[in-house]
Structures are given as structure tokens and as C-alpha cells.
Amino acid sequence: MNTVEGLVVRVDARQCDVEIAGEMRAALMRGRLFENRGIDKMPIAVGDRVMLHENGDELAIQEVLPRDNLFARRVTGEETRRQLLAVNVDQVVIVACFGTPPFSSITTDRILAACSFASIPAVLVLNKSDKAKRGKRRRVMETYQTGGFKIIETSAADETGIDDFADVVRGKRSVLYGLSGVGKSSLLNLIESGLGLKTREISKSLKSGRHTTTFARLYHLEMGGSVIDTPGVRAFRPHGIPSGELRLHWPEFAELGRECDYDDCTHRHEPGCKVTAAVDADEIAASRYRSYESLLCELEEIEANRD
Ligand SMILES: Nc1nc2c(ncn2[C@@H]2O[C@H](COP(=O)(O)OP(=O)(O)OP(=O)(O)O)[C@@H](O)[C@H]2O)c(=O)[nH]1
Ligand SMILES: [Mg+2]
Ligand SMILES: [Zn+2]
């Protein structure tokens, strides 16, 4: 029996695709991994480095090597279980768009907060710039520039901003994440020839609710680096952020918040709150504040149910 190290590029219910010395192989997950998975729905995620036992033709994952970081969300319909979306990444590339599906502040802001909580840098890509209305584009750009986020604009349709997109992902390991239909796979196809990822046919409406990409998978880029394409989400629920810590994950609140009258100000109804004052004065985008408030309520509810 041989022990080898591999990189997980795709995860199925019982099986993984693992890259071992440049070669792609199917590997089993041992039952023991499931017994020890803790709060996680699956014990293994795309991006995991694993040790495997090779026995004739059979390859089985024995152990997951320590992770540098993990990008996760709450399992739909459950309050404590965690779904690992990708691990060991250099950045999360949040893809959103103009046109269809409509830009979702709530989803974008929740993913940004999850990245901050996981200490993973985030880049915001605004795709379908060919569909952008001038007012909407200005509002969205201003909102996220004020928040200090790194943001680029692209159009996979007329191929603008694709060099900027390539510059963002070159030489790093990125996970592309965002709503279904924003153009994640379309963008990837443009920077890596021969990838040929399936993208939604124009005639198929988003309302069918179907994801075009159905599983997360890691691809190496010829330009250097690798990218994990993921199936789009409909709603994003972060995992594990304590409600009392949430305000730290809205960067535009951080500095102002130190001057609130109360040290533990939640920036809601407290007198002398500098954050709500800044929202009233239009210095902080109302959409960013609404995302914060709705997530805060949700987290408090989860904590109340747990106690
Ligand atoms: N007008 C316009 N359409 C685009 C652009 N980028 C992608 N599309 C179209 O948007 C649709 C969805 O693109 P996909 O690349 O499949 O989106 P996705 O984010 O990978 O979707 P999922 O795999 O379901 O998560 C397709 O019909 C694309 O042709 C763009 O920049 N402008
Ligand atoms: Mg896709
Ligand atoms: Zn406050």
C-alpha cells in the first residue's frame, strides 16, 4: 500500500476527483471521515490537500491536511451545520451583474461579510456592463468604493474588462461566487481557451431556477493560478458569525463606530450612534445599512433559538 498526497478538485456525495502529481483520479472518502466531520455537511471540500492510500486500483482519502482558510455558508434550512464552499483559497471573486439577474445588495453584502469573517480577501466583479443603466452603475460603484472594496467592471458579451479580470485571478487560487446567471462560467471561458464550460442558453429564462453549473470544480489556468467555478446561489446565509461581531465586518462602519456613545453600539436604536447618523446624512449607502440590519436580526434569532 502506497501513501500519496493530492489536491481535491471536485467533490461528489461519496467520491472526489483528486489531482495527484498532475494526474486526475477518482478517490473514495472513508466512512471515518464522515464520522469526524463535526458540523460540516461534507468532510472534504474543493481545494483540500489530502493524504490518500493507494491499494491496487483503489484510491481512498485517509486524512485532510490542515487548512489555511475556509469559505463556507450555513446549510439551507439548518442553523448550525456548515457547508464548505471552497478551502485554501487566496481570494473570493464575487461576481454580480447588471441586467438579469438584478444586482442584489443583500447577497453581495452577505458574501462580503462572510469573506471578512473568514479573513479571505474579496474582489467584486460587476459583469454585464453592456446592460448597465447609467444611474444604477454609478450608485453601485459609489457604494462599494466608499466601502473600500476592490471592484472591477466586465462584460463577457462584448469582452470589455476581461484583461482586468485576468489580472485579478492570475497567479492566485480564486473561488468565483455569486448568483446563478451572473456570468461566472462565461468569464472563465474567456480567459482560458479550451475550458468550454457550459453556460446558460440565452433562450432559457432564469426563472426556471436551474443552475447551469451544477458542481464546484477547480481549474488550473495557463496564465498561472487556478479558479474554482461554482454553481450559482439563490440566497446566501453566512455561517458562524457571532451577532456581536457583525459590525466589524462592515468596513465603512468600523472607524465611525468607534465614536458611537456606546462601546458595544449595534448601530440600531442607540442614542449617539455615529453610524445611523452617517446613513441619515447619505454618507453610508442605505443599502449597505439594510443588509447589515437584516443579517443582524437573523443572527440574533439563531442565537436566541440556540439558548
Ligand atoms: N449581456 C450579457 N450577457 C452575459 C454576460 N455574461 C454572461 N452573459 C449571459 O448570461 C447567461 C448566464 O451566464 P453563465 O456564465 O451561465 O452564468 P453563471 O454565473 O455561470 O450561472 P450558474 O452556472 O447557473 O451559476 C448566459 O446566457 C450568458 O451568455 C455579459 O457580460 N453581458
Ligand atoms: Mg456557471
Ligand atoms: Zn453606533
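The following passage describes a mixed sheet and several helices in a predicted model.

Residues are numbered from 1 along each chain as the sequence is written, and chains are lettered from A, with ligands numbered from 1, in the order in which they are written. Because the model is predicted, local features need pLDDT of at least 70 and side-chain atom pairs count only at pLDDT 80 or more, whereas totals for chains, interfaces and linings use all residues.

Helices (DSSP runs of H or I, at least four residues) and strands (runs of E, at least two) are numbered from the N terminus. Six strands form an open sheet in the order β10-β9-β8-β11-β13-β12, with mixed pairing, where two strands pair if DSSP finds at least two bridges between them. The edge strands, each pairing on one side only, are β10 (150-153) and β12 (217-220). Within this sheet, β8 and β11 pair in the parallel sense over 4 bridges, and valine 92 stands opposite valine 175 in β11.

Helix α2 (residues 105-117) has 13 residues, which at 1.5 Å a residue should span 18 Å, and its end C-alpha atoms are indeed 18 Å apart; the expected span is 1.5 Å times one less than the number of residues. Among the buried residues of α2 are Ile111, Leu112 and Cys115, a residue being buried if 20 or more other C-beta atoms, placed from the backbone, lie within 10 Å of its own. The buried residues of α2 pack against β6 (70-74), β8 (91-97), β9 (122-127), β11 (173-177) and α8 (286-306), contact requiring C-beta atoms, placed from the backbone, within 7 Å. Just after α2, serine 119 takes a positive phi of about 55°.

Terms used. Buried ≥ 20, exposed ≤ 12 C-beta atoms within 10 Å, placed from the backbone. Contact = placed C-beta atoms within 7 Å.
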